[in-house]
Amino acid sequence: MASFNQVILLGNLTRDPQLKYLPSQTAVAEFGIACNRKFKTQSGEDKEEVTFVDCSAFGKTGELINQYFTKGKPIFIQGRLKYDSWEDKQGGGKRSKMTVIVENFQFIGSRDGGGGGGGGGGGASHEGGEYEQRPPRPQQQGRPQQSRPQNAPPPQQPFGEEEQFKEDDIPF
């Protein structure tokens, strides 16, 4: 039987991305997004619900998200669902978590924070000018930061090209 696992979300980051490195030196950015849904009830009352989604991005995609996104910024992501389950060490009970593994993303809005605009696919392209680079975050797990000129665009990753990861490289 065939199966299909694809997720497309547009939302705002709920926290700054946390960049970590696997033992293989592969970057992993973990972040959350909030997706809002507005609707009317049967009685005509306006309602809004928010869905919070945990996300992980690997390799260059993760490094770019860590570099250019902060809490509150909008992002458009495409990826797949990953289900993890484990035994709770303290309580001994079963725990589980659903995460979106980001495969591609797009910048949403303009570089000065306004609406509109957008980017191409592949997790790295953009239109309409340069994005403002954030100051570098403190180093995590001893990997040196690579510097790039202030006005240089982020490097591009061809659409559909995926890095291959071993299941043992993923820390969850």
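The legends below describe close-up views of a predicted model.

**View 1. The aromatic cluster formed by Tyr68, Phe69, Phe105 and Phe107.**
The whole structure contains 4 aromatic pairs. In one of them, tyrosine 68 and phenylalanine 107 meet edge-to-face, with 5.7 Å from centre to centre and 90 degrees between the planes. Tyrosine 68 belongs to helix H1 (residues 59-68) and phenylalanine 107 to strand E6 (residues 94-107), so this pair ties together parts that are 39 residues apart in sequence. Tyrosine 68 has a relative accessibility of 8% and counts as buried. Phenylalanine 107, at 4% relative accessibility, also counts as buried. A stacked pair is formed by phenylalanine 69 and phenylalanine 107, at 5.3 Å centre to centre and 10 degrees between the planes. Because phenylalanine 69 lies in the loop between H1 and strand E5 (74-87) while phenylalanine 107 is in strand E6, the stacked pair links parts that are 38 residues apart in sequence. Both phenylalanine 69 and phenylalanine 107 are buried.

**View 2. Arginine 37 over the ring of phenylalanine 39.**
The arginine lies over the face of the phenylalanine ring, 4.3 Å from the ring centre.

**View 3. The surroundings of helix H1.**
H1 is mostly covered, with 8 of its 10 residues buried. The buried residues are Gly59, Thr61, Gly62, Glu63, Leu64, Ile65, Asn66 and Tyr68. Their cover includes strand E2 (18-21), together with E3, E4, E5 and E6. Tyrosine 68, one of the buried residues of H1, is also a member of the aromatic cluster with Phe69, Phe105 and Phe107.

**View 4. The largest nonpolar core, with 19 residues.**
Ile33, Ile77 and Phe105 are the residues with the most contacts inside this core. Two or more core residues come from each of strand E1 (7-13), strand E3 (27-40), strand E4 (46-58), H1, E5 and E6. The most is given by E6, with 4 residues. In soluble globular proteins, nonpolar side chains tend to be buried together. Phe105 also belongs to the aromatic cluster with Tyr68, Phe69 and Phe107.

**View 5. Strand E6 and its pairing with E4 and E5.**
E4 and E6 run parallel and are joined by 3 bridges. On this side, serine 56 has isoleucine 101 in E6 as its bridge partner. The pairing of E5 with E6 is antiparallel and extends over 13 bridges. Here, tyrosine 83 has methionine 98 in E6 as its bridge partner. E5 and E6 form a hairpin with 6 residues between them. In the turn, glycine 92 has a positive phi of about 75 degrees.

**View 6. Threonine 99 and valine 100 in strand E6.**
Threonine 99 counts as buried, at 5% relative accessibility. Beyond residues up to four places away in sequence, threonine 99 touches Asp54, Cys55, Ser56, Arg80, Leu81 and Lys82. Valine 100 counts as buried at 2% relative accessibility. With the same exclusion of residues up to four places away in sequence, valine 100 touches Val7, Leu9, Val53, Asp54, Cys55, Ser56, Ile77, Gly79, Arg80 and Leu81. The C-alpha atoms of valine 100 and serine 56 are 6.3 Å apart in space, although the two residues are 44 residues apart in sequence. Ile77, one of the contacts of valine 100, is among the residues with the most contacts inside the largest nonpolar core.

**View 7. Cysteine 35 and cysteine 55, which are not bonded to each other.**
The structure holds 0 disulfides. The cysteine sulfur closest to that of cysteine 35 is in cysteine 55, at 7.8 Å, and this is too far for a bond because a disulfide needs the sulfur atoms within 2.5 Å. Cysteine 35 counts as buried, with 12% relative accessibility. Cysteine 55 is in no disulfide. The relative accessible area of cysteine 55 is 2%, so cysteine 55 is buried. Contacts of cysteine 55 include threonine 99 and valine 100.

Conventions. Residues numbered from 1 in each chain as written. Predicted model: local features only at pLDDT ≥ 70, side-chain atom pairs only at ≥ 80, totals over all residues. Heavy atoms only, no water. Phe/Tyr/Trp six-rings, centres within 6.5 Å; stacked < 30°, edge-to-face > 60°. Buried < 20%, exposed > 50% of the residue type's maximum accessible area, 1.4 Å probe, protein only. Lys NZ or Arg CZ within 6 Å of the ring centre and 35° of its normal. Contact = heavy atoms within 4.5 Å. Core = buried A, V, L, I, M, F, W, Y, C linked by side-chain atoms within 4.5 Å. Pairing = 2+ DSSP bridges.
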